[in-house]
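Visitor: Got a minute to walk me through this one? I'd like a quick tour.
Guide: Sure, let's pull it up.

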Amino acid sequence: AGLRAGNFLLEKNIPVAAGLGGGSADAAAALRLVARVNALALDDPRLMSAARATGADVPVCLHPQARIMRGIGERLSAPIALPALSALLVNPLVPLATREVFGKFAGRPNGDNHADVVPKEFNRLIEFLQQHNNDLADAACACAPVIGEILESLRALPGARLVRMSGSGPTCFALFATPNESTAAAQKLRAERPDWWIQPAAIG
C-alpha cells in the first residue's frame, strides 16, 4: 500500500541559504509529518533512509537533539545534553551557495576525531568549543569577505564569549552567558549595521 501524503504551508523566518540548516530542518519536519499521518515510528529505518536520500544534514534534524556529526552527516553520535545557550545570529543578507564554499575548501589531512564527550557546564563548554573551529570559515570568507566583517563585529561586542561561522556560512553567531547580554548586543549591532539580519536566539 502507498503512503498517505498531503500539503502543508511553510513560513520561513530565517534568511534563505543562511548556513543554519533551515532547509534540512524543514525537510525533516516534512518527513515527521509523513510518518505521523502513516503511523510510522520515528526510528523506522525507511524514515532514516529517506532523510539520507534528501540531504546530508537531514538525518540529524529528524530528532531535535544536539549530536556530533561525522562523515558527510550520516554518522551521528548519541544525543548530547547542552546547557541553555544565549546566542546572537548575524547574516549579511548576501546569498552564499554551499557548493561555492566547498569549491574553495582545501580540506584537512586529519579531521577532528575527538570523543563524543562534550562538557555540560557553560564555561567548560565555551573552553571546549574554543578548541574547535569551523574548518569552512576561511573558504567562506574568500567567497564572501563580509563574513570576516561579521566575525570581527561579533568579537567586539561586550560579553561575546565565543564567535564562529555557522555551517558553510554566511550566518555567524556569538554565544553569551545570559539572554540580557545577547539582547543588548543585538541592539548595539543593529544600530551599527541596519543592513544585516540580526537575531538574538536561545539554543537548547
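**A quick tour**

Guide: Let's start at Leu33, which is partly exposed because its relative accessible area is 33%. Keep in mind that this is a predicted model.

Visitor: Okay, and where does Leu33 sit?

Guide: Leu33 belongs to helix H1, which covers residues 22–37.

Visitor: Which residues make a nonpolar surface patch with Leu33?

Guide: Phe8 and Leu10 do; together with Leu33 they make a nonpolar patch of about 280 Å² on the surface.

Visitor: Switching to cysteines. How many disulfides are there?

Guide: Zero, going by a cut-off of 2.5 Å between cysteine sulfur atoms.

Visitor: What's the nearest cysteine sulfur to Cys61, then?

Guide: That would be the sulfur of Cys172, 19 Å away, and Cys61 is in no disulfide. Cys61 counts as partly exposed because its relative accessibility is 21%, and the cut-off for buried is under 20%.

Visitor: And Cys172, which cysteine sulfur is nearest to that one?

Guide: The one of Cys141, at 7.1 Å, and Cys172 is in no disulfide either.

Visitor: Is Cys172 buried or exposed?

Guide: Buried: its relative accessible area is 0%.

Visitor: Let's talk sheet. What's the strand order?

Guide: E4-E5-E3-E6, four strands in an open sheet with antiparallel pairing.

Visitor: Which strands stand at the edges?

Guide: E4 (162–165) and E6 (197–203). Each has a single partner strand, so one side of each has no neighbour in the sheet.

Visitor: What does the twist average from one strand to the next?

Guide: It averages 20 degrees per step between strands.

Visitor: Let's zoom in on E3 and E5. How many bridges join them?

Guide: Five, between E3 (residues 85–91) and E5 (residues 172–176), and the two strands run antiparallel.

Visitor: Which residue in E5 stands opposite Leu89?

Guide: Phe173 is the one facing Leu89 there.

Visitor: Last stop, Met48. Where is Met48 placed?

Guide: Met48 lies in helix H2, which spans residues 45–54. Met48 is partly exposed, since its relative accessible area comes to 22%.

Visitor: What separates the C-alpha atoms of Met48 and Leu62?

Guide: A distance of 8.1 Å, with the two residues 14 apart along the chain.

Visitor: Great, thanks for the tour!

Definitions and conventions
Residues are numbered from 1 along each chain as its sequence is written. This is a predicted model: local features need pLDDT of at least 70, side-chain atom pairs count only at pLDDT 80 or more; totals for chains, interfaces and linings use all residues. Side-chain values use heavy atoms; hydrogens and water are left out. Patches are made of residues with over 30% relative accessible area and no salt bridge: like charges are joined within 9 Å, nonpolar side chains (Val, Leu, Ile, Met, Phe, Trp, Tyr) within 5 Å. Accessible areas come from the Shrake-Rupley method with a 1.4 Å probe; for residues, only the protein chains shown count as cover. A salt bridge is a side-chain nitrogen of Lys or Arg within 4 Å of a carboxyl oxygen of Asp or Glu. Buried means under 20% relative accessible area, exposed over 50%, partly exposed in between (1.4 Å probe, protein chains only). Two strands pair if DSSP finds at least two bridges between them. Axes are lines fitted to C-alpha atoms, for helices over the stretch in contact, and angles run from 0 to 180 degrees between N-to-C directions.
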